[in-house]
Amino acid sequence: MLGILHVLAVAVAGLFTLVVPAVLFAIADGMRDLALSMLLVGSLGVFAALMVLGAIAGFQRTLGRASGYVALVAMWVLVPLCAAVSFKTLAGLSWMDAWFEAVSALTTSGATLLSRETAPQAILFWRASIEWYGGFLTLLSIIHVLAPGGFGGLPAGDRRVITGSASNMTIDLGDFREVLGQYVLITFIVFVGLMLAGVNGPYSAMLSMVVIATGGFLPFEGALENHAGPMAQLVLTYGLLLGTVSVFWRRRLLRTPKQFLTGNPEVLVIMVVVLGVAVLYAARLSAVSGGADLGPIFVESLLAASSLVATSGIESRPGVIALWPDLIVLMIVLIGGGIYSTTGGFKIYRIVAMAVHSARELNQLIYPSSVTNLHFGRQIIEERSMRAIWTYFSLSLLIVAFGAMALTFEATDFEGGVTMAIAFFSNAGPVYEALIPPAYITSPDNQVWPQFQAMPVSAQITAIVMMTLGRLEVMIVFAVLNVRYWISR
C-alpha cells in the first residue's frame, strides 16, 4: 500500500511542479491574478504530495507485481482528477469538461475543449505541459510496469538498457532520471529547431512539448501553416518521428547515429511506412493543388504521414489528412507507432509479430512437422508473448467495437462513432476532427459528427474510459479487476 501511495505522490508532485513555467508566462503577460491563482493551485498540489511522501518516509515502499499493477491504474485514474481541479479552477471549465480535458492531456490524445482564441497563453502553456508530462508518464509506465509484466506481448529485454533487469518492477527514482534526461534533451533540440525555423518562442516551447509526446494539441486557432512554415514543419516531423520510435533507440540515435537505422527493424518499418504514406499524400496534394511547388507539398505530406503513424493528428492545414479515405487513415492510426514510445494504437511490433505468426501457422498446414522460431529482426518472439499479443488484439477490437456502439447511441451516427472510438482508443483525438465532413463543421452541435465541445456528458465519460484504456494497454485493467485474485489473497 505504501508503494502505491509513493507512486501517486511522486506523480502528483511532478505534475504540479510544471505549473512554475506557466506562472512565469502569466506574469510576462501582465496577468498577476492568474499567476497567483496558478501558483496557489500548484503549491497546494505539491504540498499535498510532499505531505504524503513525508508521512511514509522511513517505511519500506517496495512494489510487488500486483501492487505495481494497482499503482499504475490508480495513477492514470487519480492524476487526471488532480489535473482536472486545475482546469476547473484556472480555466473555468465545468467539472465534466475539466476531467475530459485532463484525461485528454495526460493520455496525449490531443482533444481539447479550451477556447484557444480567448484562453490566456499561460493556460495554453499549462495544457501543453500536461501533455508533455503525460508522454513521460507513458514511457515510465511501459518501461517499469507493462513490459516486465509482459502485457500485450511487450518484449522486456530492452529494459536492461536502463534498469539492468528484464522483468523486475522498480520505483527507483534513479532509473527515472535517465529517461527524463533524454526526454528533456530531445524536447530542447526540437524547441531550438523551431526557434531557428522562425516560430515565436512561446509557440516553439509548446509545440516542442506536444510533438515529442506525440500529442495533437495546437496552442492556437487556425491552421498550423499560419505559424509554422515548411522548415518548422520539417522540425515538427522530426520531433514526431523521434516520439514514434522506442525510447531506447532514441538513446542509440544520440550515441551511435550510424546504428540507429541498422540496429532495429522496427525503426526501418516505421520509416518505410512514413515515406510510403507521405508519397501517397504528396500525390493527392499535388493533384488538388494544381501544380504547386513540390517542395512544400512533400513537407506537408511528411508531416501528415508522421502525424498519423505517431497517432498525433497534427496537420499543416485543415483537409490534408482527409485527402485519403477515412478507412485508410483510421487503419494507420489504429496500428500506431513503435513499442516503448508515447504513441497509441496496437503498435507496429505487434502487427508484424501477428503476421509472422500467421505465416508460420499457414506453413505448418503444409509442413506439419516443421519447427520455426518467430523472429522480428534479432528479437525472438516467444509463444507466451504471442498469446499475449493475440489476447491484447482481441480485447482491443472488442473495446473499440463497444466504444463505437456507445458513442453512436450517445452522440453520433455509426460512421462518426467508429471514427471517434478509434481516435480516442489510439489517443489521437484530432484525427476525428480532421475527418469531420465539411458539411458538419459549420454546425458543431449536430448529431452526426459533433465537435468535442458539443459532446453530451455520457459520451465524454465513454471517451475518458477509452482514452485511459488505450493508454494502459487494456490488459492491465482486466488484471487489476480480477476479483478472484483479490478474494484469494
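Where does T311 lie? Let's start there and work through some exercises on this structure, a predicted model.

**Exercise 1. Place T311 in the chain, then decide whether T311 is buried or exposed.**

Solution.
- Step 1: find the element. T311 sits in the loop between α12 and α13.
- Step 2: check the cover. The relative accessible area of T311 is 1%. The cut-off for buried is under 20%, so T311 counts as buried.
- Step 3: look at the backbone. T311 isn't a glycine, yet its phi is positive, about 55°.

**Exercise 2. Do the same for T214: give its element, its cover and its phi.**

Solution.
- Step 1: T214 belongs to the loop between α8 and α9.
- Step 2: with a relative accessible area of 0%, T214 is buried.
- Step 3: T214 has a phi near 50°, which is positive in a residue other than glycine.

**Exercise 3. Describe the whole protein before zooming in further: its elements, its burial, its contacts and its surface.**

Solution.
- Step 1: go through the secondary structure, and you get 21 helices and two strands.
- Step 2: turn to burial. The protein has 489 residues, and 55% of them count as buried.
- Step 3: take the contacts with a separation of 6 or more. Of these, 69% come from residues 24 or more positions apart.
- Step 4: now the outside. The protein exposes about 20100 Å², with 67% of that supplied by carbon and sulfur atoms.

**Exercise 4. Work out how helices α8 and α9 pack, and which residues make the contact.**

Solution.
- Step 1: know what to look for. Two packed helices are described by an angle and a distance, both taken from their axes.
- Step 2: fill in the values. Helix α8 covers residues 201-212 and helix α9 covers residues 230-244; they pack at about 35°, and their axes are 7 Å apart.
- Step 3: list the residues. From α8 come L207, V211 and I212, and from α9 come L236, G239, L240, L242 and G243.
- Step 4: sort them by type. That gives six nonpolar residues, two polar ones and no charged ones.

**Exercise 5. Stay in α9 and find what T237 touches.**

Solution.
- Step 1: T237 is part of helix α9.
- Step 2: T237 has 4% relative accessibility, so it counts as buried.
- Step 3: skip residues up to four places away in sequence. T237 then touches L302, L303 and S306.
- Step 4: try one distance. T237 and A310 are 73 residues apart along the chain, and their C-alpha atoms are separated by 9.8 Å.

**Exercise 6. Track down some salt bridges, and say which elements they join.**

Solution.
- Step 1: recall the idea. Side chains of opposite charge can pair when their charged atoms come close. With a cut-off of 4 Å from nitrogen to oxygen, the count here is six salt bridges.
- Step 2: begin with E101 and R127, whose side chains meet at 2.6 Å, N to O. E101 is in helix α5 (residues 95-106) and R127 in helix α6 (residues 121-149), so this pair ties together parts 26 residues apart in sequence. Both E101 and R127 are buried. There's a network here too, linking E101, R127 and E131 through salt bridges.
- Step 3: move on to E300 and R317, whose salt bridge is 2.6 Å, N to O. The pair links helix α12, where E300 lies, with the loop between α12 and α13 that holds R317, 17 residues apart. E300 counts as buried at 7% relative accessibility, whereas R317, at 29%, counts as partly exposed. Beyond its neighbours within four places in sequence, E300 has contacts that include E225, Q233 and L285.
- Step 4: finish with E473 and R350, at 2.7 Å, N to O. E473 is in the loop between α19 and α20 and R350 is in helix α14, so the pair ties together parts 123 residues apart in sequence. Both E473 and R350 are buried.

**Exercise 7. Head back to helix α14 and find I366: is I366 buried or exposed?**

Solution.
- Step 1: I366 is found in helix α14, which covers residues 348-366.
- Step 2: the cut-off for exposed is over 50%. I366 has 61% relative accessibility, so I366 counts as exposed.
- Step 3: see who joins I366 at the surface. L362, L365, I366 and Y367 make a nonpolar surface patch of about 500 Å².

Note on methods: Residues are numbered from 1 along each chain as its sequence is written. This is a predicted model: local features need pLDDT of at least 70, side-chain atom pairs count only at pLDDT 80 or more; totals for chains, interfaces and linings use all residues. Side-chain values use heavy atoms; hydrogens and water are left out. Axes are lines fitted to C-alpha atoms, for helices over the stretch in contact, and angles run from 0 to 180 degrees between N-to-C directions. Helices (H or I, at least four residues) and strands (E, at least two) are DSSP runs, numbered from the N terminus. Contact means heavy atoms within 4.5 Å. Ala, Val, Leu, Ile, Met, Phe, Trp, Tyr, Cys and Pro count as nonpolar, Asp, Glu, Lys and Arg as charged, and the others, Gly among them, as polar. Buried means under 20% relative accessible area, exposed over 50%, partly exposed in between (1.4 Å probe, protein chains only). Accessible areas come from the Shrake-Rupley method with a 1.4 Å probe; for residues, only the protein chains shown count as cover. Patches are made of residues with over 30% relative accessible area and no salt bridge: like charges are joined within 9 Å, nonpolar side chains (Val, Leu, Ile, Met, Phe, Trp, Tyr) within 5 Å.
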